[in-house]
Amino acid sequence: MKKLIAFLLAGVMLLSLAACAAKTDDQPAAEEDTIADALTLLNTVWAGYTEDEKFPAAGGDYSEENMTDGAPGRVSLEDPSNVEYLLSIPAAVVEKADDAASLTHMLNSNTFTCGAIRLKDAGEMEAAAKDIKDYIMAKQWMCGFPDKLVVASTGSYLIEVYGAEDLVNTFRDKLQSAYPQTTILSDDPIA
């Protein structure tokens, strides 16, 4: 009788461990499913800011339908070279994306610029992150020099943010708080 009870308890424990493992495997997919688009991603992070942490910001591209005051905005991918100019994401990376949004400091884009893109093929994530880092590190800056670059990913989204170190760090922390499965691919000073 004792052997039977021990066997049943061991079986129950194995089933409960299997159930816990299954839940853990489902969590990243569930997080990715909750991100409707790049604009939703940035709006979710921006909503995590307190009023004291927020700064004068604008989002989107320069088109009338996408420009947003005080919040992130949608970015059209029709002209990859325009996105490269606006967000410092190389046109070759932009061509691999199907959705984008941005948030920029209104004082100066070198103070804070954030771009979020959804890659058509998430398998391109690390190569795209490297391309962005290489591009920004080699860029000739005008009107101020950004302190820091962070490139992160969550699901099929690639997020780059550069600018003043305190603003970049705050965004990074808010991103990780809003999307715990976020992976930081680069967190480097811009030299």
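A salt bridge is a side-chain nitrogen of Lys or Arg within 4 Å of a carboxyl oxygen of Asp or Glu. Keep that in mind for the close-ups below, which come from a predicted model.

**Figure 1. E124 and K96 join through their side chains in a salt bridge.** Here the N to O distance is 3.2 Å, inside the 4 Å cut-off, so the pair counts as a salt bridge. E124 sits in the loop between β5 (112-119) and α5 (125-138), while K96 sits in the loop between α4 (91-94) and β4 (97-105), so this pair ties together parts that are 28 residues apart in sequence. E124 is partly exposed because its relative accessibility is 27%. K96 is partly exposed too, with a relative accessible area of 30%. Side chains of opposite charge can pair when their charged atoms come close.

**Figure 2. R172 and D187 meet in a salt bridge, with 2.8 Å from N to O.** This pair links distant parts of the chain: R172 belongs to helix α6 (residues 165-178) and D187 to strand β8 (residues 183-189), 15 residues apart. Is R172 buried or exposed? R172 is buried, because its relative accessible area is 15%, which is under the 20% limit. D187, at 32% relative accessibility, counts as partly exposed. Look around this pair and you will find a network of salt bridges that links K148, R172, D173 and D187.

**Figure 3. K54 and E51 form a salt bridge with an N to O distance of 3.9 Å.** K54 is partly exposed, at 29% relative accessibility. Its partner E51 counts as exposed, because its relative accessibility is 64%. How many salt bridges does the count come to? The count comes to 11.

**Figure 4. L149 is a buried residue in strand β6 (residues 148-154).** The relative accessible area of L149 is 0%, so this residue counts as buried. Which residues does L149 touch, leaving aside those up to four places away in sequence? The contacts of L149 are K133, I136, M137, V161, Y162, S186, D187, D188 and I190. You may recognise D187 from Figure 2, where D187 pairs with R172. Try finding G163 as well: its C-alpha atom is separated from that of L149 by 6.9 Å, although the two residues are 14 residues apart along the chain.

**Figure 5. Y62, M67 and Y85 make a nonpolar patch on the surface.** Together, these three residues have about 410 Å² of accessible area. Y62 is found in the loop between β1 (57-59) and β2 (68-69). Y62 is exposed, because its relative accessible area is 59%.

**Figure 6. E64, E65, E78 and D79 form a negative surface patch.** To find E78, look in the loop between β3 (73-74) and α3 (80-87). With 76% relative accessibility, E78 counts as exposed.

**Figure 7. The whole chain puts the close-ups in context, with six helices and eight strands.** Following the sequence, you can trace the pattern α-α-β-β-β-α-α-β-β-α-β-β-α-β. What share of the 191 residues is buried? Buried residues make up 44%. Among contacts between residues at least 6 apart in sequence, 64% join residues at least 24 apart. The accessible surface of the chain is about 10,200 Å², and 56% of that belongs to carbon and sulfur atoms.

Terms used: Residues are numbered from 1 along each chain as its sequence is written. This is a predicted model: local features need pLDDT of at least 70, side-chain atom pairs count only at pLDDT 80 or more; totals for chains, interfaces and linings use all residues. Side-chain values use heavy atoms; hydrogens and water are left out. Patches are made of residues with over 30% relative accessible area and no salt bridge: like charges are joined within 9 Å, nonpolar side chains (Val, Leu, Ile, Met, Phe, Trp, Tyr) within 5 Å. Accessible areas come from the Shrake-Rupley method with a 1.4 Å probe; for residues, only the protein chains shown count as cover. Lys and Arg count as positive and Asp and Glu as negative; His and the chain ends are not counted. The place of a charge is taken as NZ of Lys, CZ of Arg, CG of Asp or CD of Glu. Helices (H or I, at least four residues) and strands (E, at least two) are DSSP runs, numbered from the N terminus. Buried means under 20% relative accessible area, exposed over 50%, partly exposed in between (1.4 Å probe, protein chains only). Contact means heavy atoms within 4.5 Å.
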